[in-house]
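User: I should like to learn how to read the main features of a structural model. Could you take me through them in order?

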Amino acid sequence: MNQDQTLSWTQAQNASRLRTYRMLFLISILGNLVVCFWSLFDPVGFTRFLHQPDPFPQAWPRIWGATLLGLHLLYVPGLLNPLFYRWPNWSSIAIKLFMPILYLSSGLYFFPFAVWDFSFGVVLLIAYYKLTMADLQREP
């Protein structure tokens, strides 16, 4: 019998990929929460750190940070149970792959945002795809 076909191996593989995906998704969310709170409480310092022009009015980074915070709160069910709540995970991946297009079309000031979102989008896409395939093998 092939080891790939044993139930205990597929359950262990599924558990391992679940832990990996949750950790990557959590790092992505926490990294973006740092950006959210920084832009909420120090919008000028945030834009200056990224070598962007000073915001005028100062409300736009705060509004953007609050919107990003609300969006990441919607991802929490997908973080807690990614195999049951699939829409937060797939939507997170889709948003992370779409936003770099908007960032890059807005100018070079937003290049760090594009790199951050695109890299996490690709990493999460691969990890979530592997998790869903392991889950399908676990319960065909």
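**Reading the model**

Analyst: The structure holds 2 salt bridges. Please keep in mind throughout that this is a predicted model.

User: Which residues form a salt bridge with Arg-48 and with Arg-86?

Analyst: A salt bridge is recognised when a side-chain nitrogen of Lys or Arg is within 4 Å of a carboxyl oxygen of Asp or Glu. Arg-48 is joined to Asp-54, with the closest N and O atoms 2.9 Å apart. Asp-54 is partly exposed, at 44% relative accessibility. Arg-86 meets Asp-135 at 3.3 Å, N to O. This pair links distant parts of the chain, since Asp-135 belongs to helix H6 and Arg-86 to helix H5, 49 residues apart. Asp-135 counts as buried at 10% relative accessibility, whereas Arg-86 is partly exposed, with a relative accessible area of 29%.

User: How should a pair of aromatic rings be read, and how many aromatic pairs are there?

Analyst: A pair of aromatic rings is described by the distance of the centres and the angle of the planes. Rings pair if their centres lie within 6.5 Å. By this rule the model has 15 aromatic pairs. In one of them, the ring centres of Phe-46 and Phe-113 are 6.0 Å apart and the planes stand at 45°, so the pair is tilted. Phe-46 lies in helix H2 (residues 43-49) and Phe-113 in helix H6 (residues 111-138), so this pair ties together parts that are 67 residues apart in sequence. Both Phe-46 and Phe-113 are buried.

User: Which other ring pairs with Phe-113, and are the two stacked or tilted?

Analyst: Tyr-103 and Phe-113 have ring centres 5.4 Å apart and planes at 35°, so they too form a tilted pair. Tyr-103 is in helix H5 (residues 86-105) and Phe-113 in helix H6, 10 residues apart, and the pair links distant parts of the chain. Tyr-103 is buried, with a relative accessible area of 9%; the value for Phe-113, likewise buried, is 12%. Ring pairs also build a cluster, which consists of Trp-38, Phe-46, Phe-49, Trp-64, Tyr-103, Phe-110 and Phe-113.

User: How does one read the two sides of a helix, and which residues of H3 are buried?

Analyst: An α-helix has 3.6 residues a turn, so residues three or four places apart point the same way. Helix H3 (residues 59-73) has 15 residues and reaches 21 Å from its first C-alpha to its last, close to the 21 Å expected at 1.5 Å a residue. Its buried residues are Pro-61, Gly-65, Leu-68, Leu-69 and His-72. These cover an arc of only 105° around the axis, which puts them on the same side of H3. The face turned away from that buried side carries the exposed residues Ile-63, Thr-67 and Leu-73.

User: Which residues form a nonpolar patch on the surface?

Analyst: To enter a patch, a residue needs over 30% relative accessible area and no salt bridge, and nonpolar side chains are joined within 5 Å. Met-23, Leu-26, Ile-27 and Leu-30 form such a patch, with about 340 Å² of accessible area together. Among them is Ile-27, which lies in helix H1 (residues 7-41). Ile-27 is partly exposed, at a relative accessible area of 41%.

User: Where does Phe-111 lie, and is it buried or partly exposed?

Analyst: Phe-111 is part of helix H6. At 44% relative accessibility, Phe-111 counts as partly exposed. Its C-alpha atom is separated by 8.1 Å from that of Pro-100, 11 residues apart along the chain.

Note on methods:
Residues are numbered from 1 along each chain as its sequence is written. This is a predicted model: local features need pLDDT of at least 70, side-chain atom pairs count only at pLDDT 80 or more; totals for chains, interfaces and linings use all residues. Side-chain values use heavy atoms; hydrogens and water are left out. Helices (H or I, at least four residues) and strands (E, at least two) are DSSP runs, numbered from the N terminus. The expected span of a helix is 1.5 Å times one less than its number of residues. Buried means under 20% relative accessible area, exposed over 50%, partly exposed in between (1.4 Å probe, protein chains only). The arc is that of the directions from the helix axis to the C-beta atoms. Patches are made of residues with over 30% relative accessible area and no salt bridge: like charges are joined within 9 Å, nonpolar side chains (Val, Leu, Ile, Met, Phe, Trp, Tyr) within 5 Å. Accessible areas come from the Shrake-Rupley method with a 1.4 Å probe; for residues, only the protein chains shown count as cover. Rings of Phe, Tyr and Trp (its six-membered ring) pair if their centres lie within 6.5 Å; planes under 30 degrees apart count as stacked, over 60 as edge-to-face and the rest as tilted.
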